[in-house]
Amino acid sequence: MSSNSKIPVGVLGATGMVGQSFVKFLENHPWFEMVWAGASDRSAGKLYSEATQWRLDGAMPARVAALTVQPCEPSPQAPKLVFSAMDASVATEIERAFADAGHLVVSNSKNHRMESDVPLLVPEINWDHLSLIRIQRERRGWKGGIATNPNCSTVALTMGLAPLAQFGIAKVLATTMQAISGAGYPGVPSMDIMANVIPFIGGEEGKMEIETQKILGRLAGDHIEPLPAVVSAHCNRVPVVDGHLVAVSVSLEKRLTREELLAAYENFTAEPQRLGLPSAPPKPVLYLHEDNRPQPRRDALRDNGMTVTVGRLRECPVLDWKFVCLGHNTIRGAAGAAVLNAELLKAQGFLD
Ligand code: NAP
C-alpha cells in the first residue's frame, strides 16, 4: 500500500531507460506513488538498485531503490494503475494480461496504439478518445484496459498542429531533427552521430503519419475516424541529447492571416488545463516570437518538459504555412505523456 493517501502505481519495465524516466517523473507526484516495479526474469527478485543501471541525471530515488523488482505478471500485489515501458517484443501479451486481470495499463509502447478500440492520447487534443476503454471492456471482456501515448516525435507534431485543427488541416509535411535519447541506451554509436546527421530512423516515418491522423481524428462511437489529411514525415537523428525539433509545412482548408493564426496559438488551451491536472503545463503550446526559437537546449525543459514550443510561423510557397515546433522526447514524448494520461483517467473516474 501507499504510505499516504496517494494512489499506488506500478511500472512495467521499470529498470529500462523509459522506466527510469517514469521513476523520476513520478517522484513527488501529488496524486501517485510508485510502490511496485516490474521487469524481466533477469531482474525479478533483486532490489531495484541492484537490477538498474541508473542513467538519468541526479540520484536514483531512495524509496524506489529499495523496492524488490517483481516479474511482469498480474497479481493482487500489483497496483490497479500500471505504467508500461517494456521492450516492444514482449509488451503485447503482458499488457493484455494486465488489462484482462483488471489493471489499467498506461502504455508507452507502440504495440497497441493503432488498435481500433485503444485510445492513442494527447490529452490536450483528444481527451474524449479515452471513452474507447469502455468499448475494450465490452468487446474483450477486460475488467481493466489499455491507454497509450504516441511516438515521441508525433507528440511534438500534433501539439504544434493542435491550435490550427479548428481551421481544417488538409496536408502536412513534417521534417524531424530527433535527439539521441529517443533511441534508448546505448542508442546511436558516438562514431555515427558526432558531427553528423543520420537521415533514417527505422519505422518512425510511418508511425508519425498514421498516429497523427488517429490523434487528430474524430471519435465515432466505437472507433476513431482518422483525420482525412495527407501527412508526410521525414525523420532524422541529430547530435542533440534531448528534444525533438520538427519543421512543419501545412495547408489549411480556410484562408487566414498570420495574425489570426498567432491568435489561435495564443488562445489555445484544453481539457487538462481546465481540469487542473498536476502535470498539465499552464500553456501547453507556447509560441516563441524570437527569430531563432525554439531550440532544444534552451526550450525543451520548459514547465518540467511538458510544454511544446512553437515558432517561426510564416507563409509557405508550397503549402500554406510553415513553422517549427519542439517537444521533450523522453518527458512530453514518453513518461510525462503517460502520467498526464493517467491523471486524465483519474479525472474521468476510471480509477474509482
Ligand atoms: P530498455 O531500456 O531496453 O528497457 C526495456 C525494459 O523492458 C526493461 O525494464 C526490461 O527489463 C524490460 N523487459 C525486457 N524483457 C522483458 C520481459 N520478457 N518481461 C518483462 N519485462 C521485460 O528500453 P526503453 O528504451 O526504456 O524502451 C521501452 C519501451 O518504450 C519500448 O517499447 C520503446 O519502443 C518505448 N519507447 C522508448 C522511448 C525512448 O526514448 N527510449 C521513447 C518512446 C517509447 P530488464 O532490465 O530486466 O531486462
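Reader: Where does Pro 186 lie?

Author: In this predicted model, Pro 186 sits in the loop that runs between strand E7 (169-177) and helix H8 (190-193). The peptide bond leading into that proline from Tyr 185 is cis, with omega near 0°.

Reader: And what about the bond from Arg 293 to Pro 294, cis or trans?

Author: The peptide bond from Arg 293 to Pro 294 is cis, again with omega near 0°, and Pro 294 belongs to the loop between strand E12 (285-288) and helix H12 (296-299). As background, most peptide bonds are trans.

Reader: Switching to backbone angles, what is phi at Asn 304, and is that residue buried or exposed?

Author: Phi of Asn 304 is near 60°, which is a positive value in a residue other than glycine. Asn 304 is part of helix H13 (residues 302-305), and with a relative accessibility of 61% Asn 304 counts as exposed.

Reader: Which strand holds Arg 312, and what is its phi?

Author: Arg 312 is found in strand E13 (residues 308-315), and phi of Arg 312 is near 55°, also positive. With a relative accessible area of 37%, Arg 312 is partly exposed. A further positive phi, of about 65°, occurs at Asn 28, just after helix H1.

Reader: Since you bring up H1, how many of its residues are buried?

Author: In helix H1 (residues 17-26), 7 of the 10 residues are buried, so the helix is largely enclosed by the rest of the structure. Among the buried ones are Phe 22, Val 23, Phe 25 and Leu 26.

Reader: On to cysteines, how many disulfides are there?

Author: The count comes to 0 disulfides. For Cys 152, the nearest cysteine sulfur is that of Cys 235, which is 9.3 Å away, and Cys 152 counts as buried at 16% relative accessibility.

Reader: Why is Cys 316 not bonded to Cys 325?

Author: The closest cysteine sulfur to that of Cys 316 is in Cys 325, but because the distance is 14 Å, the two are too far apart for a bond. Cys 316 is buried too, with a relative accessible area of 11%.

Reader: Finally, what is the radius of gyration of the protein as a whole?

Author: The radius of gyration is 20 Å, which agrees with the value near 20 Å that a compact globule of 352 residues would have. The protein has 14 helices and 14 strands, and buried residues make up 55% of its 352 residues. Its C-alpha trace spans about 60 × 50 × 35 Å along the principal axes.

Methods
Residues numbered from 1 in each chain as written. Predicted model: local features only at pLDDT ≥ 70, side-chain atom pairs only at ≥ 80, totals over all residues. Heavy atoms only, no water. Disulfide = S-S within 2.5 Å. Buried < 20%, exposed > 50% of the residue type's maximum accessible area, 1.4 Å probe, protein only. Helix = DSSP H or I, 4+ residues; strand = E, 2+ residues; numbered from the N terminus. Rg over C-alpha atoms; globule rule 2.2 N^0.38 Å.
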